Amino acid sequence: VTHSIPACIGSMTINSKQLDDESPVSIFAVNKCYVTVQDGTFFDGSGFAALVREGYKVRSDVNITLEFRTTAVHGVLLGVSSAKVDAVGLEIVNGKVLFHVNNGAGRITATYEPRGTNSLCDGKWHKLQANKSKHRISLIIDGNVVQTDNPYTQSTSADTNNPIYVGGYPADVKQNCLTSKSSFHGCLRNLVLTKGQQAELFDFSRAFDLRGAFPHSCPGAEH
């Protein structure tokens, strides 16, 4: 077993002596246990999860679905880039959701603008679907569809070869389709990337780099 247990552990004793888990000698990727827990991964606003170390190839088609819950009006959701300009990016900026795609000819953006600035950042779960099909892109938030025209119809493939960064990205990493550097603060769950008939559900506990993100447990929604 190479990854950590997604659970809460407490009241541990060794040889009848209770361990003091309040003041550990060292701590890594361990958060406090919540009284009420929801399924999902909690991002504390300081880091990111890095998936697919060998690089994810978006190419001509990809469908990204995820659910998010936040009270912050800014935050990176997901980015996949390349050493060139090809990239895709999903982010929350001023309470709007932006889906950016660059197939090499120029960046195009589908923007979902809710009626109220905070209506997506209300601490409730929202469903997101971002679809790239050759030069066409669309964004669906809670069933509301946004499409955008692409003047670069000849350019159809985003030739990415870098990891998938979720919730943010390291300072030394270039992201050609993200405008924000703000790490996501909130919860994410059910991240699925689909190409053709191949759907892949990403488990954050198997990320090769995880900073400020706590898999499998979200603090229950604040009342």
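How many disulfides does the count come to in this chain? The count comes to 1 disulfide, and it makes a convenient place to begin a tour of what is a predicted model.

**The disulfide**

Select Cys-187 and Cys-218 together: they form the disulfide, and their sulfur atoms lie 2.3 Å apart. Cys-187 belongs to strand 14, whereas Cys-218 belongs to strand 17 (residues 218–219), so the bond ties together parts of the chain that are 31 residues apart in sequence. If you switch on a surface, keep in mind that Cys-187 and Cys-218 are both buried.

Now add Cys-121 to the selection. Its sulfur is 14 Å from the closest cysteine sulfur, that of Cys-187, which is too far for a bond, given that a disulfide requires the two sulfur atoms to be within 2.5 Å. Cys-121 counts as buried at 5% relative accessibility, and Cys-177, another cysteine to show here, is buried with a relative accessible area of 0%.

**The whole chain**

Zoom out next and colour the model by secondary structure, where you will find 17 strands and 0 helices. The radius of gyration of the chain is 19 Å, close to the 17 Å given by the globule rule for 223 residues, so the chain is as compact as a globular protein of that length. With the C-alpha trace displayed, the spans along the principal axes are about 70 × 40 × 35 Å. Of the 223 residues in the chain, 45% are buried.

**The hairpin of strands 14 and 15**

Return to strand 14 by selecting residues 185–195, then add strand 15, residues 198–201; the two run antiparallel and are joined by 4 bridges. To check the register, pick Thr-194, which stands opposite Ala-199 in strand 15. Strand 14 and strand 15 form a hairpin with 2 residues between them, and in the turn Gly-196 has a positive phi of about 60 degrees.

**The second largest pocket**

Keep strand 14 selected, since this strand contributes the largest share of the lining of the second largest pocket, with 4 residues. To centre the view on this pocket, select Thr-41, Asn-190, Phe-202, Phe-204 and His-216, which lie nearest its centre among the 14 residues of the lining. The second largest pocket holds about 170 Å³ of space, and its lining divides into 6 nonpolar, 5 polar and 3 charged residues.

**The largest pocket**

Move on to Ala-7, Phe-28, Ala-29, Val-30 and Asn-31, the residues nearest the centre of the largest pocket, which is lined by 35 residues in total. About 1,200 Å³ of space lies in this pocket. Select residues 209–214 as well, because strand 16, as these residues are numbered by the strand assignment, supplies the largest share of the lining, 3 residues. Coloured by class, the lining of the largest pocket shows 20 nonpolar, 9 polar and 6 charged residues.

**The enclosed cavity**

What remains is an interior space: the count comes to 1 cavity of 30 Å³ or more. The volume of the largest cavity is about 40 Å³, and to display its walls you can select Val-101, Asn-103, Ala-105, Gly-106, Ile-108, Asn-150, Tyr-152 and Ser-155. By class, this cavity is lined by 4 nonpolar and 4 polar residues, with no charged residues in the lining.

Terms used. Residues are numbered from 1 along each chain as its sequence is written. This is a predicted model: local features need pLDDT of at least 70, side-chain atom pairs count only at pLDDT 80 or more; totals for chains, interfaces and linings use all residues. Side-chain values use heavy atoms; hydrogens and water are left out. On a 1 Å grid over the protein atoms alone, a cavity is a set of points where a 1.4 Å probe fits but cannot get out, and a pocket is an open set with protein on both sides within 12 Å along at least five of seven lines; lining residues have an atom within 4 Å of a point. Grid points are joined across faces, edges and corners, and a volume is the space filled by probe spheres set on the points. Ala, Val, Leu, Ile, Met, Phe, Trp, Tyr, Cys and Pro count as nonpolar, Asp, Glu, Lys and Arg as charged, and the others, Gly among them, as polar. Two strands pair if DSSP finds at least two bridges between them. Buried means under 20% relative accessible area, exposed over 50%, partly exposed in between (1.4 Å probe, protein chains only). The radius of gyration is taken over C-alpha atoms; the globule rule is 2.2 Å times the number of residues to the power 0.38.
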